[in-house]
Amino acid sequence: MGAGSWGTVVAKLLRDAGCEVTLWGRRADVVDSVNERRENPDYLPGIELPEGLRATLDPAEALAGAEFVALAVPAQTLRENLSQWVPDLPPEAVMVSLMKGIELGTCRRMSEVIQEVADVPEERVAVFCGPNLAREIATGQPGAAVAGCVDEGNARRLQAATMTPYFRTYTSTDVIGCELGGAVKNVVALCVGMSVGLGFGDSTQALLITRGLAEITRLGAALGADEHTFAGLAGMGDLVGTCMSPLSRNRTFGENLGRGMTLEQVIAVTKQTAEGVKSCEAVLELARKHNVEMPITESVAGVLYHGMPIKEAGLSLISRSPKPERYGV
Ligand SMILES: NC(=O)c1ccc[n+]([C@@H]2O[C@H](COP(=O)([O-])OP(=O)(O)OC[C@H]3O[C@@H](n4cnc5c(N)ncnc54)[C@H](O)[C@@H]3O)[C@@H](O)[C@H]2O)c1
Ligand SMILES: O=P(O)(O)OC[C@H](O)CO
């Protein structure tokens, strides 16, 4: 459900793994192009989609008889989108979140929004997370992800549905850890991008990635995640992949800010979803509720929403009071 970059690539992945797939898109030109030319030119120009991958504008048609309902809309529109689809959801389907964000206002993870809106138990809600830059996976480069579900059987079913000769899926029952890893790395990637835009090199990027991982782990521990998850694909894997890649929308967004563009200018040139831009405030609120220090997230929110100059944000991070490397977990 969602024919943007990631929804289309996961549809391709599922089809390559042998599943029957119907992709719902909201734009007729995108749906027609997938059906008639096997291409999604706006989001994945030049990528040939597999035979048998059908697209439709009709959500009921996409949902009919589905074993898995994979959701790939922007995190902040999920609640509204899903509430319209609820009457057509197959009663036994496993709902799969492909999204990496936290809902503003409620601070809910995507799997929590799905449980609430679709009124399904957590055993039937899975997440699919990892270091997956859409275009790279679309071209069949070797990649991997984690299928997370509290019901190990459903995690294994999702694993089986997504394994291809170029893609490996692992399982996990730590849904909280997988989702926090995916959502908060976007905020860290914004900060890394800002540092790149300011002209800083690999040492500064490595510093931000590593201390970013420390703050993701602190939040995760407070929310009941398994700390080991953050050393895995949905944690360190996705954090490193996103923060180091010029393909990342979040890192690119931050880089444009670091180069001196205003927030309005960067929003105007960003054609796809950079989830960290909105989720950073929800992450920060979650951290405050749980008394967790997240200085990188705080700085990103300061720059985006409270008029803090980027250089000042950087100075405030580097001049924090001396600390042991590991604290608060
Ligand atoms: N692109 C990636 O590499 C990648 C990888 C892993 C996870 N994700 C996650 O997948 C989710 C979707 O990202 P994406 O990359 O596909 O974004 P995208 O911007 O490429 O596509 C978003 C899709 O949602 C649709 N959309 C926008 N507003 C909508 C609304 N109000 N109602 C319904 N549909 C709407 C757009 O038309 C588009 O089809 C995000 O949470 C992202 O973090 C993306
Ligand atoms: O382009 P981004 O920044 O949304 O990152 C894409 C994926 O989440 C990377 O795993």
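**Notebook: a two-domain protein with two ligands**

I started with overall size. For 329 residues, a compact globule would have a radius of gyration near 20 Å, and the protein has 19 Å, which agrees. I noted that this is a predicted model. Along the principal axes, the C-alpha atoms fill a box of roughly 55 × 40 × 35 Å.

Next I looked up the secondary structure and found 15 helices and 7 strands. I then checked burial: 50% of the 329 residues count as buried. I also looked at contacts between residues at least 6 apart in sequence, and 72% of them join residues at least 24 apart.

**Domains**

I looked up how the chain is divided. Domain 1 covers 5-175 and domain 2 covers 185-318. Their centres, taken over C-alpha atoms, are separated by 25 Å.

How many residues of each domain are in contact with the other? I found 21 residues of domain 1 in contact with 24 residues of domain 2. On the side of domain 1 that touches domain 2, strand E6 (143-148) and strand E7 (167-172) each supply at least two residues. E6 gives the largest share of that side, with 3 residues. By residue type, I recorded 12 nonpolar, 5 polar and 4 charged on this side of domain 1.

**Ligand 1**

I turned to the surroundings of ligand 1 and found 24 residues around it. Gly4, Ser5, Trp6, Met99 and Ala134 come nearest. Helix H1 (residues 5-16) gives the most to this shell, with 3 residues. I sorted the shell by type and got 11 nonpolar, 10 polar and 3 charged residues.

Where does ligand 1 lie with respect to domain 1 and domain 2? Both domains give residues to its shell, so I place ligand 1 between them.

**Ligand 2**

I did the same for ligand 2, which has 13 residues around it. The nearest are Asn132, Thr242, Ser248, Arg249 and Asn250. Helix H8 (175-197), helix H10 (233-244) and helix H11 (249-258) are the elements that give two or more residues to this shell. I noted that H10 supplies the largest share, 3 residues.

The shell around ligand 2 divides into 3 nonpolar, 6 polar and 4 charged residues. I also checked which domains take part: at least three residues of this shell come from each of domain 1 and domain 2.

Conventions. Residues numbered from 1 in each chain as written. Chains lettered and ligands numbered in written order. Predicted model: local features only at pLDDT ≥ 70, side-chain atom pairs only at ≥ 80, totals over all residues. Helix = DSSP H or I, 4+ residues; strand = E, 2+ residues; numbered from the N terminus. Rg over C-alpha atoms; globule rule 2.2 N^0.38 Å. Buried ≥ 20, exposed ≤ 12 C-beta atoms within 10 Å, placed from the backbone. Contact = placed C-beta atoms within 7 Å. Near = placed C-beta within 6 Å. Nonpolar A, V, L, I, M, F, W, Y, C, P; charged D, E, K, R; others polar. Domains from an automatic or database assignment.
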